[in-house]
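Subject: Structure for your review

Dear colleague,

Please find below the structure that I am handing over to you. I would be grateful if you could read the notes that follow with the model open beside them.

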Amino acid sequence: MQTLSNDKLTIEVAEHGAELSSLKAHGKEYLWQADPAFWKRHSPVLFPIVGGVWENQYRLDGVTYNLSQHGFARDMDFTLVSQTETEVMYELNATEDTLKKYPYNFKLNIGYRLEDNKVRVIWKVTNTDQKEIFFQIGAHPAFYFPTYSEETEDRGYFGFDKTDINYVRLAEKGCADPTVHYPVPVNEEGLLPLNTHTFDIDTFIIEDGQVGEVTLYGLDKQPVLALQFTAPLVGLWSPPGKNAPFVCIEPWYGRCDRAHYAGDYKQKDWIQQLPVGGVFDASYTIEIF
């Protein structure tokens, strides 16, 4: 575990999954501490898929592969390649085992940088193969609700940098139906109330770059934290029916398959591609107020 601190924030990052495991400010913990009774992770990085592929299988150039939800990177040990007072960087390369599930050579770097009251999360995918590669990558950080009691329903609010937002839902077996769009049920102030029933629908999948910032507010409507991103999708999730103490804000470059998808992996919704030697660079920030 590596630790970084400045006068505003302290973070801890595990080499397993290169996962952000703690985010402290103002003397308290903001990042969910992985109680397995609700969800056993903190902030996994999703690669080389976001969400699931239909029936946990995908087809690529006529070959069928098995790959479980969110891919394998979150369950692998990364190598720490650099560390300064304000930044850590990790690396994962393709192995014989990953090539059986995902037939591309790649280098994946994940980094964390302190920037005053923000944490910048850095992703870099490098194509080390002799052919074009295809992938998805995404975030899954979980944050404590600012107001939580098992005995009460209300938890806080989400705010967005846009209005008139719509989302798609999961349909079957963790896969989506992108043909139907639903309005995000914001109130007259443009806030999405968060309570024990908000996530009965499971995940809000907001596509097409509609949103570039999501802010978590307390019941007093004061901002607690915000994520800023340029990813074209963001998922909002808390475990349905569990009355969990946390909520996730998830910038994605990709998402799950549409239900019953039987096409080639290269034509999958929201797939990213890199030429030989190409580099994909992206980042998002977590701001604590």
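The notes below cover the overall fold, the salt bridges, the cysteines and the largest pocket.

Overall fold

Please bear in mind throughout that this is a predicted model. The chain contains one helix and 25 strands. Its C-alpha trace extends over about 55 × 45 × 35 Å along the principal axes. For 289 residues, a compact globule would be expected to have a radius of gyration near 19 Å, and the value for the chain, 19 Å, agrees with this. Of these 289 residues, 55% count as buried.

Salt bridges

The structure holds 15 salt bridges. Three pairs are described here individually, followed by a network.

In one pair, the side chains of aspartate 116 and lysine 8 meet, with an N to O distance of 2.9 Å. Aspartate 116 belongs to the loop between β10 (106-115) and β11 (118-127), and lysine 8 to the loop between β1 (2-5) and β2 (10-14), so this salt bridge ties together parts of the chain that are 108 residues apart in sequence. Both partners are partly exposed: the relative accessible area is 44% for aspartate 116 and 37% for lysine 8.

Another salt bridge joins the side chains of aspartate 75 and arginine 41, at 3.1 Å from N to O. Here aspartate 75 sits in the loop between β7 (63-66) and β8 (79-83), while arginine 41 sits in the loop between β4 (28-29) and β5 (45-46); the pair therefore ties together parts that are 34 residues apart in sequence. Aspartate 75 is partly exposed, with a relative accessible area of 42%, whereas arginine 41, at 11% relative accessibility, counts as buried.

The side chains of lysine 268 and aspartate 257 also form a salt bridge, with 2.6 Å from N to O. Lysine 268 and aspartate 257 both lie in the loop between β23 (246-253) and β24 (272-274), so the parts that they tie together are 11 residues apart in sequence. Both of these residues are buried.

In addition, Glu87, Arg113, Glu115 and Arg120 are linked in a network of salt bridges.

Cysteines

A search of the whole structure finds zero disulfides. Why does cysteine 256 not form a bond with the closest cysteine sulfur? The closest sulfur to that of cysteine 256 belongs to cysteine 175 and is 5.4 Å away, which is too far for a bond, because a disulfide requires two cysteine sulfur atoms within 2.5 Å. For cysteine 248, the closest cysteine sulfur is that of cysteine 256, at 15 Å, again too far for a bond. Both cysteines are buried, cysteine 248 with 0% relative accessibility and cysteine 256 with a relative accessible area of 5%.

Largest pocket

The largest pocket encloses about 300 Å³ of space. Its lining consists of 17 residues, and those that lie nearest the centre of the pocket are Gln69, His70, His140, Thr203 and Trp237. By class, seven of the lining residues are nonpolar, seven are polar and three are charged.

With kind regards

Note on methods:
Residues numbered from 1 in each chain as written. Predicted model: local features only at pLDDT ≥ 70, side-chain atom pairs only at ≥ 80, totals over all residues. Heavy atoms only, no water. 1 Å grid on protein atoms, 1.4 Å probe; cavity = no way out; pocket = protein on both sides within 12 Å on 5 of 7 lines; lining within 4 Å. Points joined across faces, edges and corners; volume = space filled by probe spheres on them. Nonpolar A, V, L, I, M, F, W, Y, C, P; charged D, E, K, R; others polar. Salt bridge = Lys/Arg side-chain N within 4 Å of Asp/Glu carboxyl O. Helix = DSSP H or I, 4+ residues; strand = E, 2+ residues; numbered from the N terminus. Buried < 20%, exposed > 50% of the residue type's maximum accessible area, 1.4 Å probe, protein only. Rg over C-alpha atoms; globule rule 2.2 N^0.38 Å.
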